[in-house]
Amino acid sequence: METLVELRNALNGLKPVLLMVVAQAAFAGVNIFYKLAANVGMNTSVVVAYRFLFATAFITPLALYLESRPKLTWMVVLQASLCGFFGGSMTQNMQFESIALTSATFTAAITQLIPALTFVMAVFFRLERLDLRSGGGRAKVLGTLMGIGGAMLMTFYKGVEINIWSTHVNLLHKSEQPSHYLAAPTSKSEYTDRVLGSLLAIGSSFGYAFFFIFQAKMVEKYPCYYSSTALMSLMGSIQSVGFALCMERDWNQWKLGWNIRLLTVAYTGIVATGISLTILALCVRMKGPLFVAVFNPLLLVIVAFVGSLLLDEKLHLGSVLGSIIIVGGLYTVLWGKSKDIKMTKQSVPTSFEEEKYAESLEVVIRSPNDKAINNKKESETNVSNDEPNTLPT
């Protein structure tokens, strides 16, 4: 029986980790689908607009049916708008454009700046405590630097090509129409696309860092995961549709068929936004924004391997070494986080709720006989108190 209880507790402790692994796998699929959509010439802003429209249509009925919501205030609406902007319309347009100009793996590598930026902002907003004197604080800083270093290694060190497998599959060759992103590259244009793509990826990283901070603030006041995701998706839809209408006037770009266009917007809207953002909100509530951000390196590892399998993106020694360093940094940060949690539990005094619980236990363990004895003692005490204080003459 004790073994089952320990196993259940262990699984409950692993639940946030498993949820974040699922979410990062879903986000890795976004990078792949974005690259495929750009390959067929689909406008980036139109994809993002459809993504949030699909997400809103999917998550809103679930929120209305599954959750009882507190009163919606203007502060919550403002926070949802900021989350929809920083985590949706702005960052997704930047990320998609960066993937179209470079590659899925390259953009995923640049966005590994998110944990570092989130860590700095979480400390600034006092959502995380930085104590370099403790082992946990030093581990979180070291793990964050390891993640950034591994991402930079993957970006700037190519190394020899590693032929572990050869699927002979390249989905990018099957294009329905010419795309301006696939023009014959020259050294100058390739360098320009790389620089512009890097700047856009860095901009999206800043956006995601702000998103994690605002999302942490929002779930404190509005702890409804489906409803908060629906609100963010609705705000992201309004912003992204307005931006897409300003940027794309060709209505042919808005047409969807039974092809990669529909699959891309359906997957990114339902799976990556409707489901995965709900998971993010839940994990931010349970563990905080830094815990969520440090799982982002897993996205890079998954994209690197899936890209080599399906998009004919070559796997090189730098990618393998960088992935190993990134995973090592991830577990270093998690170890530091667990150390800080243990130290906090040991240093925090007994709470008011624990004291009340202890008092209730003390009352429960009293037997009826104890109560009778206590009543008898109280009555004897009262009788003795009623006797005169002077001696009889």
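**Close-up views of an all-helix chain**

**View 1. Helices α8 and α9 are oblique to each other**. Their axes lie 9 Å apart and pack at an angle of about 125°, so the pair is classed as oblique (angles under 35 degrees are roughly parallel, over 145 roughly antiparallel, 65 to 115 roughly perpendicular, and the rest oblique). Axes here are lines fitted to C-alpha atoms, for helices over the stretch in contact, with angles from 0 to 180 degrees between N-to-C directions. This is a predicted model, in which local features need pLDDT of at least 70 and side-chain atom pairs count only at pLDDT 80 or more, while totals for chains, interfaces and linings use all residues. Residues are numbered from 1 along each chain as its sequence is written, and side-chain values use heavy atoms, leaving out hydrogens and water. Helix α9 covers residues 260-287, and α8 passes it in a right-handed crossing (near helix turned clockwise from the far one by less than a right angle; anticlockwise is left-handed). From α8, Tyr 225, Tyr 226, Ser 228, Thr 229 and Ser 233 meet a set in α9 that includes Thr 273, Gly 274, Leu 277 and Arg 285 (contact means heavy atoms within 4.5 Å). Sorted by class, this contact holds five nonpolar, six polar and one charged residues (Ala, Val, Leu, Ile, Met, Phe, Trp, Tyr, Cys and Pro are nonpolar, Asp, Glu, Lys and Arg charged, the others, Gly among them, polar).

**View 2. Helix α2 runs roughly antiparallel to α8**. Residues 44-66 form α2 and residues 225-247 form α8; the two pack at about 155°, with axes 7 Å apart. The crossing of α2 past α8 is left-handed. In their contact you will find 17 nonpolar and nine polar residues, but no charged ones.

**View 3. Leu 53 is a good place to see α2 meet α8.** Leu 53 sits in α2 and is partly exposed, at 38% relative accessibility (buried is under 20%, exposed over 50%, partly exposed in between, with a 1.4 Å probe and protein chains only). Leaving aside residues up to four places away in sequence, Leu 53 touches Ser 237 and Val 241. Leu 53 and Val 241 are 188 residues apart along the chain, yet their C-alpha atoms are separated by 8.5 Å.

**View 4. Helix α11 has the length expected of it**. Its 15 residues, 296-310, should span 21 Å at 1.5 Å a residue, and the end C-alpha atoms are indeed 21 Å apart (the expected span is 1.5 Å times one less than the number of residues). Among its buried residues are Asn 296, Pro 297, Leu 298, Val 303, Gly 307 and Ser 308. Just past the helix, Asp 312 adopts a positive phi of about 60°.

**View 5. Two helix residues have neighbours from far along the sequence**. Arg 194, in helix α7 (residues 187-221), is partly exposed at 38% relative accessible area. Its C-alpha lies 6.9 Å from that of Leu 101, 93 residues away in sequence. Gly 135 belongs to helix α6 (residues 135-156) and is partly exposed at 29%; Asp 340, 205 residues away in sequence, is 8.3 Å from Gly 135, C-alpha to C-alpha.

**View 6. The whole chain puts the close-ups in context.** The secondary structure comes to 14 helices and zero strands (DSSP runs, H or I of at least four residues for helices and E of at least two for strands, numbered from the N terminus). Of the chain's 393 residues, 46% count as buried. Among contacts with a separation of 6 or more, 90% join residues 24 or more positions apart.
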